[in-house]
Amino acid sequence: MPMAWADAQRVAYAAGRAATTGAERVALTEADGRTLAEPLVTLTDLPPFPTSSIDGYAVRGAPPWRVLGRVLAGSVAPPLPDEDGVAMEVATGAMVPAGTRAILRTEDSATTADGRVEGTPRAEPEWRVPGDEAARGEELFPAGTAVDPAVIGLAAHCGYDALPVLARPRAAVLVFGDELLTGGLPGNGLVRDALGPALPSWLRRLGAAVGTGVVPGPVKDTLDAHVDAIRAALDSADLICTTGGTMRGPVDHLHPALRELGGDYLINTVAVRPGFPMLVARVPGSDGRDRFLAGLPGNPQSAIVALMSLVAPLLAGLAGRAQPRLPTVTLGAPVRGRGNDTHLALVHVDQENVARPMAHVGSSMLRGLAGASGFAVIPPGTSGEPGSQVHLVPLPLLNGERR
């Protein structure tokens, strides 16, 4: 019996999270989009030394003050003498000399005829003390935090040169189908393979590492060819995405291949339209470690439904990230339900967060997908009415475009 769509998402995520890949250290410049494998802990007080917040004069005692020198950012400040009436000019970000009692802002200062400085410091301290932002050893972010540019900047601020992150899941793509062409115009019973060129890019946007070469294939429609192709991919991938062969037709060899390879189904068909004949299985590798195989339908739009339904949460788990929460949108037009199945309806979301169904959304079509923002989720037994709030499965688009 097909698994409920929401349950399938949870099962895929939990399976990935239980099999999270190992950790590695990468340079800060390579850490964006990765997941912290260990807590980010400060290596020193922040700031590590008293730091002037302004341009001015570090002073001791009552005015007027005799200026003894200047401290610029990046230099070590000598201490002020143990006497009153002395000052040191300081720049913003410079170390504050030991013995400073206040900092007088440049704009609040005046110079006397004999070259001394006078003025009234403001009541609020004008420098930052060590530990003002964070104390040494303080946890800033826990393990499992997604690394973004702000986290990278903070890590550099703390003195890190590299970060311990979870390894990026490795993915491979296998395309099944003797009816597929890899170049030229379709015709004479043959159609172009649209998934082989596109899936690696989708997978990279979902956080997987995928080689940059051409996807081999299509794999011949024989059991031996399927077994050999999957077995070879097991050596270099944590996740294999296959296209086609998820039904049980005369040339659908994926299920027999999984039996021969000792595969164990986690999900075998999902109650969702389009794309219900999708699956996720564990397959043992030659080293004894289980890999995952995600079987996507051969029809292009159905394959992307399966990708976003099962592969996206699986990869989030493998990468150690939290399962993304689905945003909500307002339907701007009716969307039909699909009986007892969840309907994932292609929609475009505008700047007002209103979702309208796309045209050209047959399982074998890609025109609607190419202009869509994501899939509106119409739960089983319901239909989408204009003005109603529904969840959206957003496509992993660059900078959230198509709005």
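# A tour of pockets, sheets and a cavity

Start at the largest cavity, where the lining residues divide into four nonpolar, three polar and three charged; here Ala, Val, Leu, Ile, Met, Phe, Trp, Tyr, Cys and Pro count as nonpolar, Asp, Glu, Lys and Arg as charged, and the others, Gly among them, as polar. This is a predicted model, in which local features need pLDDT of at least 70 and side-chain atom pairs count only at pLDDT 80 or more, whereas totals for chains, interfaces and linings use all residues. Residues are numbered from 1 along each chain as its sequence is written, and side-chain values use heavy atoms, with hydrogens and water left out.

**The cavity**

To display the lining of the largest cavity, select Gly33, Arg34, Thr35, Leu166, Ala167, Arg168, Pro169, Gly207, Ala319 and Arg321. The space inside the largest cavity comes to about 50 Å³, and a search of the whole structure finds one cavity of 30 Å³ or more. On a 1 Å grid over the protein atoms alone, a cavity is a set of points where a 1.4 Å probe fits but cannot get out, a pocket is an open set with protein on both sides within 12 Å along at least five of seven lines, and lining residues have an atom within 4 Å of a point. Grid points are joined across faces, edges and corners, and a volume is the space filled by probe spheres set on the points.

**The largest pocket**

Move next to the largest pocket, which holds about 510 Å³ of space. Its lining takes in 31 residues, and the ones to select for its centre are Glu179, Gly244, Pro297, Gly298 and Asn299, which lie closest to it. Strand 16 (191-192) and helix 6 (300-318) each contribute at least two residues to the lining of the largest pocket; helices (H or I, at least four residues) and strands (E, at least two) are DSSP runs, numbered from the N terminus. Coloured by class, the lining of the largest pocket shows 13 nonpolar, 13 polar and five charged residues.

**The second largest pocket and helix 6**

The second largest pocket encloses about 390 Å³. Of the 16 residues that line the second largest pocket, select Leu206, Met308, Ala312, Pro324 and Pro394, which lie nearest its centre. Helix 6 and strand 26 (389-394) are the elements that give two or more residues to this lining, and helix 6 gives the most, with four residues. By class, the lining of the second largest pocket has eleven nonpolar, two polar and three charged residues.

While helix 6 is on display, pick out Ser309, which lies in it. Ser309 counts as buried because its relative accessibility is 1%; buried means under 20% relative accessible area, exposed over 50%, and partly exposed in between (1.4 Å probe, protein chains only). Add Trp5 to the selection: Ser309 and Trp5 are 304 residues apart in sequence, yet 7.5 Å apart in space, C-alpha to C-alpha.

**An open sheet of four strands**

Turn now to the open sheet in which four strands follow the order 6-7-5-8, with mixed pairing. Strand 6 (66-71) and strand 8 (102-105) stand at the edges, each with a single partner strand, so one side of each is left without a neighbour in the sheet. On average, neighbouring strands of this sheet are turned by 30 degrees against each other, direction ignored. Strand 5 (residues 56-60) pairs with strand 8 in the antiparallel sense over four bridges, and two strands are said to pair if DSSP finds at least two bridges between them. To see one place where they meet, select Val59, which stands opposite Ala102 in strand 8.

**Around strand 24**

Strand 24 (residues 354-357) pairs with strand 22 (residues 328-331) in the parallel sense over two bridges, and Val354 in strand 24 is the bridge partner of Thr330. Strand 23 (residues 342-349) runs antiparallel to strand 24 and is joined to it by three bridges; here Val349 stands opposite Ala355 in strand 24. Four residues lie between the strands in the hairpin of strand 23 and strand 24, where Asn353 takes a positive phi near 65 degrees.

**Last stops: a loop and two cysteines**

Select Arg170 in the loop between strand 13 (162-166) and strand 14 (171-175). Is Arg170 buried or partly exposed? With a relative accessible area of 31%, Arg170 is partly exposed. Arg170 and Ile240 are 70 residues apart in sequence and 8.6 Å apart in space, C-alpha to C-alpha.

Finish with Cys158, which counts as buried at 3% relative accessibility, and Cys241, which counts as buried at 0%. The structure holds zero disulfides, a disulfide being a pair of cysteine sulfur atoms within 2.5 Å.

How values were computed. Axes are lines fitted to C-alpha atoms, for helices over the stretch in contact, and angles run from 0 to 180 degrees between N-to-C directions.
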